[in-house]
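Student: Could you walk me through this structure? I'm new to it and would like to ask things as we go.

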Amino acid sequence: MSEDRSRILDLLAGGKITAEEAERLLDALDARKGAAAAPAGPAIQGDPGPLIAALPKYLYVKVLAANGDNVDVKIPIVLVRSGLKLTSLIPPLAMDKINDTMSEHGMSVDFNNFKPEDIDELIGGLRDMEVNVDAKNGDTVRVYCA
Amino acid sequence: MKLPPMILNLKVASPHRRPVHLWLPLFLLWPFALLLGGLALGVALVADGVLVLRGRRYHHYTVLLARSFAALGETRGTVIRFSNEKTAVDMTVR
């Protein structure tokens with residue numbers, strides 16, 4: 001019997017945890033062991049080409065102003081990812097100033113709460129994102145990834 | 001990690017003027033960037049060392065510098081186009 005398992009059973013015997021809690025802990029312990037015993041190999045089996053091809057490569061921002069000004073920006077997604085990941089390394093004092101300035105301009109985004117896994121999720125979600133703005137004055141803005 | 005951008009293509013066109021096509025070799029700036037980067041890296045390493053010795057939680061200036069340099073490399077492929085009735089500007093980072 002492993003040390004962790006015997007400790008859980010001791011806690012149960014001592015009345016420090018309920019039977020349900022002990023069951024949950026034992027399940028979690030089994031799951032952890034199962035994950036640790038999984039064969040170490042590539043997370044993606046087979047040819048990753050189609051999966052990579054399905055990921056967006058660029059972020060597009062297109063602005064068509066009613067007065068004839070057109071702006072078309074194409075930014076590599078990897079740059080967006082790098083930029084977002086940089087936010088987790090900005091010194092706290094500078095980050096507070098950035099947050100304050102953004103808040104003053106109506107964007108209440110707290111970059112202190114950005115974690116690398118959130119950034120990956122955010123980038124993954126960009127694939128399905130499309131922003132279309134049609135202003136009353138005829139200006140149109142489109143933001144999408146492809 | 002990608003290399004920093006090598007070339008900046010800049011095209012400026014207007015109806016009454018000859019179009020301008022500039023091919024800016026950014027790779028010529030690399031030696032200066034390398035020199036400045038080396039100096040900055042030294043300063044960042046010393047700063048981080050001092051911060052670690054003082055027990056500060058934040059001591060990531062070296063990583064910040066390295067990641068910034070990496071982000072610079074990711075700018076390759078960026079395209080910015082602007083046009084209106086008078087001018088059309090096309091800027092591509094390669």
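Tutor: What follows is a chat about chain A, one of its residues, and how the two chains meet.

Tutor: This is a predicted model, in which local features need pLDDT of at least 70, side-chain atom pairs count only at pLDDT 80 or more, and totals for chains, interfaces and linings use all residues. Residues are numbered from 1 along each chain as its sequence is written, while chains are lettered from A and ligands numbered from 1 in the order in which they are written.

Student: OK, what does the secondary structure of chain A come to?

Tutor: Chain A has six helices and four strands, where helices (H or I, at least four residues) and strands (E, at least two) are DSSP runs numbered from the N terminus. Along the sequence the pattern reads α-α-α-β-β-α-α-α-β-β.

Student: And how much of chain A counts as buried?

Tutor: Of its 146 residues, 4% are buried; a residue is buried with 20 or more other C-beta atoms within 10 Å of its own, exposed with 12 or fewer, and partly exposed in between, with C-beta atoms placed from the backbone.

Student: Where does Ile123(A) sit, then?

Tutor: Ile123(A) belongs to helix 6 of chain A, residues 116-125.

Student: Why is Ile123(A) called partly exposed?

Tutor: Because Ile123(A) has 19 other C-beta atoms within 10 Å, it counts as partly exposed.

Student: Which residues does Ile123(A) touch?

Tutor: Leaving aside neighbours within four places in sequence, Ile123(A) is in contact with Ile77(A), Val80(A) and Arg81(A), contact meaning that the C-beta atoms, placed from the backbone, lie within 7 Å.

Student: Switching topic, how many residues does each chain give to the contact?

Tutor: Chain B gives 19 residues and chain A gives 18. On the chain B side, helix 2 (61-73) and strand 3 (79-83) are the elements that give two or more residues, and helix 2 of chain B gives the most, with six.

Student: In what sense do strand 2 of chain A and strand 3 of chain B pair?

Tutor: Strand 2 of chain A, residues 70-76, and strand 3 of chain B pair in the antiparallel sense over five bridges, given that pairing needs at least two bridges found by DSSP. Within strand 3 of chain B, Phe82(B) is the residue that stands opposite Val71(A).

Student: Last one: at what angle do helix 1 and helix 2 of chain B pack?

Tutor: Helix 1 of chain B, residues 30-53, packs against helix 2 of chain B at about 150°, with the axes 7 Å apart.

How values were computed:
Two residues are in contact if their C-beta atoms, placed from the backbone, lie within 7 Å. Axes are lines fitted to C-alpha atoms, for helices over the stretch in contact, and angles run from 0 to 180 degrees between N-to-C directions.
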